[in-house]
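Me: Could you take a close look at one part of this model for me, the surroundings of one ligand, and then work outwards from there? I would like the cut-offs along with the values, please.

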Amino acid sequence: MTVDRREFLKIAGAGSAFLLAGEARATDEPQAIDCGQTYGVLVDTVVCIGCRKCEWACNTEHKLTDLPLPSYEDKSVFQRHRRPEHNAYTVVNRFFDPNTTKPYSIKVQCMHCNHPACASACIVGALRKEKQGPVSYDAWKCIGCRYCMVACPFQVPAYEYKEPLKPQVRKCTFCAHRLEEGKKPACVSICPNEALTFGTRQELMDMAHGRITASPEKYNNYVYGESEVGGTSWMYLAPTTFDQTELPKLPDEPIPPITETIQHGIFKSFIPPLALYGILGLIMHSLKGPEQEEINV
Amino acid sequence: MSKHNHAAPVRAPFLSAGTKVLAVIAGLGIASYIYRLFFGLASTTNLDNQYPWGIWISIDVASGVALAAGGFTTAALADIFHKERYHVIVRPALLTAMLGYTFVVIGLLADLGRYYNVWHPMLPSMWQGNSVLFEVGMCVMIYLTVLYIEFLPIVAERFKGRVNLPGVLRILNRFVDSWLTVCDKYLTRFISLFIIAGVVLSCLHQSSLGTLMVIAPTKMHPLWYSPISPLMFLLSAIAVGFPMVIFESIISSRSFRIPPETPVLSSIARYTPILLAIYLGVKIGDLTIREAWPYVFDGSLKSLLFIAEILLGVVAPAVLLTIPRVRRSVAGLLISSSLVIGGVVFNRINVFLVAYQPLYPVKTYFPSIFEIMVTIGLVAALVLVYRFIVMNFPVIAKPPTTPAGVRPAEGWLAESLREVE
Ligand code: SF4
Ligand code: SF4
């Protein structure tokens with residue numbers, strides 16, 4: 001271990017480059033997307049009749065199950081609250097308005113967050129927020145770590161645990177393939193009561209507040225998804241507060257900046273790691289020389 | 001590398017009653033592992049959409065990485081701060097880290113749904129700098145490479161000039177030999193660069209492991225959810241480094257019937273109460289600033305687990321190791337280091353499993369028999385590989401009573417790699 005000072009500094013430089021190589025892109029900024037112009041869907045649970053046709057349309061569009069439409073008239077499923085699964089991207093659950101005791105239904109699926117925690121978490125960028133609005137998934141990139149599932153504040157992504165060799169993360173795709181063809185998502189297209197409205201996020205927010213103003217007796221004055229975790233592409237109107245429902249109470253701040261700030265702080269232009277490298281190098285160099293100290297026990 | 005010259009392969013029979021038991025456990029673990037690879041997660045684990053991460057992440061990966069911290073803390077102490085006295089434990093610690101990280105990766109593969117895609121994060125087209133997991137993955141991968149490089153001089157020391165591969169591999173003898181000679185000649189000059197890189201990389205990913213769960217603020221129990229979780233992970237990893245070296249040194253000397261390096265071990269044990277106190281101080285400060293104290297005493301199961309984690313894993317060993325009599329006795333060292341190790345594993349399980357509260361739990365997660373078998377099996381396999389390596393490479397310091405020129409041990413690979421005498 002005899003390296004003279006100049007040589008040491010020279011190789012220290014090479015060592016740093018080696019570190020740099022591994023983390024070169026760690027300072028990427030999150031992609032900037034104008035969220036007002038992305039597409040979204042407004043779910044009006046006051047208008048929804050809980051017919052579950054959207055479930056059928058979704059399952060058929062994505063070839064998840066081939067149950068015939070009449071089988072969806074079975075209302076016994078409402079006895080328990082279902083969650084989106086690997087073979088059901090969207091499910092309708094029934095709740096009761098505590099004031100009027102009238103039932104109302106809430107369709108759940110991926111919210112297509114403006115600042116998706118799942119995409120920030122994904123180790124390989126398999127999940128990403130597209131300009132049109134969908135949060136898309138690329139199974140080919142995915143390594144199956146399921147960190148996206150840990151991260152999602154709505155607990156939406158489901159995993160194909162039963163698939164031994166090629167499991168995928170499964171969630172609502174916002175029918176991105178249909179949007180590209182200029183069509184609306186399958187669930188929106190089939191909804192007989194126009195409980196689902198497709199449009200740009202800005203239009204939908206205006207519409208939502210318009211409905212609340214027009215019939216304040218029917219709606220609770222709150223648009224779920226307008227501000228939750230930085231806003232979502234899918235938004236909800238309801239006759240009452242969302243406290244009793246399965247839509248979780250969430251802060252307004254987007255989630256990704258929490259970890260990304262820590263992350264980018266540690267890697268700020270690689271200065272902290274390089275500084276640590278340099279300091280340790282100096283210590284190593286200056287403390288050199290046989291140490292006489294006896295062992296203290 | 002003259003200061004390492006007193007290390008030599010340990011001479012002992014590979015198989016003992018203990019290793020036979022370990023071999024059976026490892027065999028069951030490997031069988032479960034292979035079963036998992038071909039039959040999928042549903043048939044082997046209790047994971048579901050509520051609990052996407054189980055013990056393979058919290059124990060095999062998160063605890064595994066923490067317990068391998070002895071490698072970098074010892075390297076920092078002996079090579080960077082030049083506390084030359086501690087060189088006898090550098091090699092065992094390096095080997096533990098190297099094998100520890102190797103088994104972390106093996107364990108991780110079991111958990112990945114598409115384990116064959118594990119190399120994807122290395123492709124620049126898939127780099128995702130916002131992902132904490134990406135950073136952990138890259139650092140672990142680079143660090144593992146650094147650890148193997150740091151181990152090369154030990155291989156060179158053992159086989160340089162006497163490579164004698166069996167059978168058809170014989171044609172490679174010259175090549176391997178000259179390669180080892182080159183390694184020995186040049187690598188040892190630059191090894192300090194790798195040592196520093198190893199310390200930096202360790203600090204980076206040990207802390208980033210603590211950032212992982214910070215992405216789930218609404219699902220984490222407030223006792224363990226903290227924005228400074230990365231700092232606490234780093235501090236606890238540093239604190240567990242020496243106890244891990246102590247624990248493993250005592251166990252291996254027991255198993256090989258050589259006297260333990262008690263003076264050295266007692267000496268590094270002096271640092272542990274200080275490191276634990278720093279960790280505890282940060283933890284207390286964190287609870288105070290986040291006003292989370294009420295949760296500590298609310299009497300729930302989680303609060304009890306939190307209290308147990310702190311008292312048994314941090315306070316108890318810190319107090320024990322401040323007592324000189326405990327520090328000087330092998331039993332005292334063994335017990336207190338076990339407490340620290342247990343405490344860190346406990347903490348990682350708490351952060352990754354206990355603190356994680358799914359929004360719509362149907363049932364709570366408990367590991368399946370396969371998950372447990374893989375986890376225990378990997379630990380057993382690690383111990384066996386460790387034993388094999390210290391019997392074939394100069395890792396552990398020669399006990400002063402053994403005469404010079406120790407012959408290699410009679411393992412099957414030792415036989416096939418037999419040196420020319
Ligand atoms: S709801 Fe969950 S899965 Fe959907 S975009 Fe948001 S974070 Fe991702
Ligand atoms: S499971 Fe796939 S999509 Fe989800 S975070 Fe991991 S690599 Fe990304």
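Reply: Happy to. Around ligand 2 there are 13 residues, and A:Cys122, A:Cys142, A:Cys145, A:Arg146 and A:Cys148 come nearest; a residue is near a molecule if one of its heavy atoms lies within 4 Å of it. By class, this shell holds 11 nonpolar, 1 polar and 1 charged residues. Here Ala, Val, Leu, Ile, Met, Phe, Trp, Tyr, Cys and Pro count as nonpolar, Asp, Glu, Lys and Arg as charged, and the others, Gly among them, as polar.

Before going on, please note that this is a predicted model, in which local features need pLDDT of at least 70 and side-chain atom pairs count only at pLDDT 80 or more, while totals for chains, interfaces and linings use all residues. Residues are numbered from 1 along each chain as its sequence is written, chains are lettered from A and ligands numbered from 1 in the order in which they are written, and side-chain values use heavy atoms, with hydrogens and water left out.

A:Arg146 also leads us to the other chain: A:Arg146 forms a salt bridge with B:Asp111, with 3.0 Å between the closest N and O atoms. The rule (a side-chain nitrogen of Lys or Arg within 4 Å of a carboxyl oxygen of Asp or Glu) finds 1 salt bridge across the interface of chain A and chain B. On the chain A side, the elements giving two or more residues include α1 (5-23), α4 (147-151) and α9 (271-286); helices (H or I, at least four residues) and strands (E, at least two) are DSSP runs, numbered from the N terminus. The largest share, 9 residues, comes from α1(A). That side of chain A has 53 nonpolar, 13 polar and 17 charged residues.

As for the whole interface, 83 residues of chain A and 85 residues of chain B take part in the contact, meaning heavy atoms within 4.5 Å. Together the two chains bury about 7500 Å², 63% of it on carbon and sulfur atoms; buried area is the accessible area (1.4 Å probe) that two parts lose on being put together, summed over both.

A:Lys141 sits in the loop between β5 (135-137) and α4 of chain A. Leaving aside neighbours within four places in sequence, A:Lys141 is in contact with residues of both chains, among them A:Val124, A:Gly125, B:Asn117 and B:His120.

Finally, ligand 1 also has 13 residues around it, with A:Cys110, A:Met111, A:Cys113, A:Cys118 and A:Cys152 nearest. The shell around ligand 1 divides into 11 nonpolar, 1 polar and 1 charged.
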